[in-house]
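Visitor: I'm new to this one. Can you walk me through it?
Guide: Gladly. Here it comes.

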Amino acid sequence: MTQSPSTPDHANDPGRTDFVRDLVASDIATARFAGRVQTRFPPEPNGFLHIGHAKAIVLDFAIALENNGSCFLRFDDTNPATEDQAYADAICEDIEWLGFSPDGITHASDYFEQLYEWAELLVTKGLAYVDEQSADLIAEQRGGFGQPGVESPFRNRAPDDNLRLLRAMKEGELPEGSCVLRAKIDMQHENMQLRDPVMYRIRHMTHFRTGDTWKIYPTYDWAHGQGDAIEGVTHSLCSLEFSDNRSLYDWFLEQLPLSAPAPYQTEFARLNLTYTTTSKRQLREIVEQGFVEGWDDPRLPTLRALRRRGYPASSIRDFCSSIGVARTNSRHDIELLESFVRADLNRSCLRKMAVLRPLKLVITNWPTDAQNQPIVEYRSLPNNPENEADGQREIPFSGELWIDEEDFKLDPPPKYFRLTPGREVRLRGGYLVTCTDALCDESGRPTEIHCTYDPATAGGAAPDGRKVKATIQWVSAVHALEGSVALYDRLFTEQVPGERTGEPLDDINQNSLDLITGCKFEPSIANLQAGEVVQFERVGYFAADANRELHFHRTVGLRDEWARIQKQAEGS
RNA sequence: UCGGGGAUGGUGUAAUUGGCAACACAACUGGUUCUGAUCCAGUCAUUGGGGGUUCAAGUCCUCCUCCCCGAACCA
């Protein structure tokens with residue numbers, strides 16, 4: 001198994017351990033599996049991977065990696081009604097993007113034949129029987145919490161008769177729903193999972209891999225542990241809700257003639273994040289009801305959405321390994337994820353200047369050439385102050401510029417450092433300018449700002465050492481490229497969607513997308529690759545859309561001290 | 001109601017297995033800065049509650065409280 005070499009992940013936190021790693025270490029110490037470690041990531045190909053899956057993927061692969069073991073990707077394709085090759089392809093793609101290469105890609109359906117043989121074995125041993133009752137009846141007879149179940153009238157049918165019926169099920173001679181194969185365990189067991197669980201159901205459906213060869217399909221419980229055993233998995237990690245299934249996992253494996261020590265299951269808490277959801281069902285509703293534009297809409301926590309939004313795979317990996325593994329149900333602040341994204345992007349991103357909401361700034365004393373045209377100068381700015389090796393770029397500067405509306409106030413609030421009549425600020429990498437005048441429309445909204453510049457401050461430094469409180473970004477009006485930007489807000493308005501009313505969709509953020517057109521960009525923006533992420537200085541990180549020219553997705557904003565001050569002012 | 005699991009700051013995760021509650025995020029102070037970014041310094045919990053054992057308890061015992069999961073021919 002491999003992982004992109006660029007990211008050390010756990011390496012930055014060596015001594016780190018958790019209950020899963022403790023278990024693995026102890027199994028190695030006692031040679032339970034002869035020192036082997038093998039894990040697997042077992043998604044069902046009926047949906048797209050999301051950030052919650054990323055936690056599981058990182059854990060599964062990291063455990064293998066740290067112990068010289070291996071990790072397979074195994075599709076849990078036991079339900080032909082909901083699964084599809086397209087999902088399987090998407091899952092492979094997402095895992096690869098995340099930075100992991102499985103040691104093998106397998107399917108539960110690869111083992112249908114072996115599973116069936118073992119099912120006949122259980123029938124022969126009197127450990128499984130065909131039940132001809134309806135699903136409703138079986139459910140009813142299962143009993144409830146604290147109440148014992150009732151045994152099926154078919155429970156003690158002779159093995160030979162069961163075998164004949166099972167074969168008839170397999171041959172497609174019996175209609176869907178007419179009967180199921182059940183394990184014969186204990187209808188009184190306090191763990192409902194052991195009250196004669198269903199092993200096979202009849203489905204006359206086409207499976208995306210096995211086609212029409214099977215008329216019966218194994219349930220999750222009858223397929224999962226067996227798949228693990230066949231593949232040589234040692235540590236089968238899954239989420240907490242499968243805790244009660246563990247006894248069944250063990251029971252099935254105990255009945256089978258295995259040559260190696262049986263794998264065992266360990267459960268851990270799945271990932272929850274504030275202001276979003278990792279529920280497959282909820283995500284489906286959000287997409288299907290049109291709250292977002294598709295499974296890769298950057299507002300979603302799906303891996304393809306995060307990728308499109310510009311989240312580096314390494315930041316997701318780092319986040320997943322930093323949050324640890326426990327059995328406590330918890331919910332992480334989404335800010336933590338965002339802080340990993342910012343940390344990564346701050347190091348790696350080129351800086352660009354962009355003006356999202358343009359306001360014209362005219363330098364009234366800017367020189368003109370012989371044709372009476374404003375002269376154009378090229379100012380040199382670092383591509384990334386965090387990394388000198390990224391070099392410099394030349395940006396055209398002239399007498400008419402765009403600045404952001406937010407960087408000018410006719411009537412500045414307290415602690416506002418930016419441009420206002422009479423005040424001097426720095427145009428980043430350009431000159432110090434002083435506002436002399438502002439033209440406004442009828443409603444009093446500024447439409448054009450007039451400034452004078454100080455020719456002695458070329459590059460933005462004042463020879464006399466005078467300080468200005470603010471530096472703002474700008475784009476030369478005649479050279480500006482025009483495009484659009486999608487600003488994303490949280491998917492939900494509440495930290496815990498659904499906590500108020502019981503219905504998560506009640507808390508969906510109706511204003512999660514703010515599409516801004518008419519944005520102005522510095523000319524070098526034209527050289528960006530599809531999907532490349534840059535920092536628009538003083539604004540945030542933005543990913544170039546893969547298809548639309550000059551359209552950007554806001555990955556995450558910069559931390560914003562001014563916004564904080566304003567909020568405090570509102571509060572007091 | 002029965003079974004399984006869980007509870008450490010605003011959030012999450014640790015604590016050499018009985019020995020000074022640590023780290024990250026958030027928040028708040030302040031400093032640096034040609035990004036109100038980054039960076040740097042500082043502040044912010046005696047561990048769900050009661051009782052017990054012990055020189056010493058987040059850790060052991062005991063009683064209690066609260067939370068999550070489980071009664072698909074889903075996974």
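Guide: A word on names to begin with: helices (H or I, at least four residues) and strands (E, at least two) are DSSP runs, numbered from the N terminus.
Visitor: What kind of model is it, and how are residues numbered?
Guide: This is a predicted model: local features need pLDDT of at least 70, side-chain atom pairs count only at pLDDT 80 or more, and totals for chains, interfaces and linings use all residues. Residues are numbered from 1 along each chain as its sequence is written, chains are lettered from A and ligands numbered from 1 in the order in which they are written, and side-chain values use heavy atoms, with hydrogens and water left out.
Visitor: Where is Lys415 found?
Guide: Lys415 sits in the loop between strand S17 (400-404) and strand S18 (424-427). Its phi is near 70 degrees, a positive value in a residue other than glycine.
Visitor: What sign does phi have in most residues other than glycine?
Guide: Most of them have a negative phi.
Visitor: Is Lys415 buried or exposed?
Guide: Lys415 is exposed, with a relative accessible area of 55%. Buried means under 20% relative accessible area, exposed over 50%, partly exposed in between (1.4 Å probe, protein chains only).
Visitor: And what about the phi of Asn68?
Guide: Asn68 has a positive phi of about 60 degrees, and it is not a glycine. Asn68 lies in the loop between H2 and S3. At 79% relative accessibility, Asn68 is exposed.
Visitor: On to sheets. In what order do the three strands of the open sheet come?
Guide: The order is S2-S3-S5, and the pairing is parallel. Two strands pair if DSSP finds at least two bridges between them. S2 and strand S5 (104-107) stand at the edges, each with a single partner strand, so one side of each has no neighbour in the sheet.
Visitor: How many bridges join S3 to S5?
Guide: Four bridges join strand S3 (residues 70-75) to S5. One bridge partner is Ile105 in S5, opposite Leu73.
Visitor: What about the open sheet of seven strands?
Guide: Its order is S21-S18-S19-S20-S14-S17-S22, with mixed pairing. Strand S21 (471-472) and strand S22 (475-476) are at the edges, each with a single partner strand. Strand S14 (residues 358-363) and strand S20 (residues 446-453) pair in the parallel sense over four bridges. Lys360 has Glu448 in S20 as its bridge partner.
Visitor: Change of topic. How many disulfides does a search of the whole structure find?
Guide: Zero, where a disulfide is a pair of cysteine sulfur atoms within 2.5 Å. For Cys320, the nearest cysteine sulfur is that of Cys71, 14 Å away. Cys320 is buried, with a relative accessible area of 5%.
Visitor: And Cys440, which cysteine sulfur is nearest?
Guide: That of Cys435, 10 Å away, and Cys440 is in no disulfide. Cys440 is partly exposed, at 37% relative accessibility.
Visitor: Last thing. What volume does the second largest pocket have?
Guide: About 740 Å³. The residues closest to its centre are Pro42, His53, Ser239, Glu241 and Phe242, out of 34 that line the pocket. On a 1 Å grid over the protein atoms alone, a pocket is an open set of points where a 1.4 Å probe fits, with protein on both sides within 12 Å along at least five of seven lines; lining residues have an atom within 4 Å of a point.
Visitor: Which element gives the most to that lining?
Guide: H2, with five residues.

Notes. Grid points are joined across faces, edges and corners, and a volume is the space filled by probe spheres set on the points.
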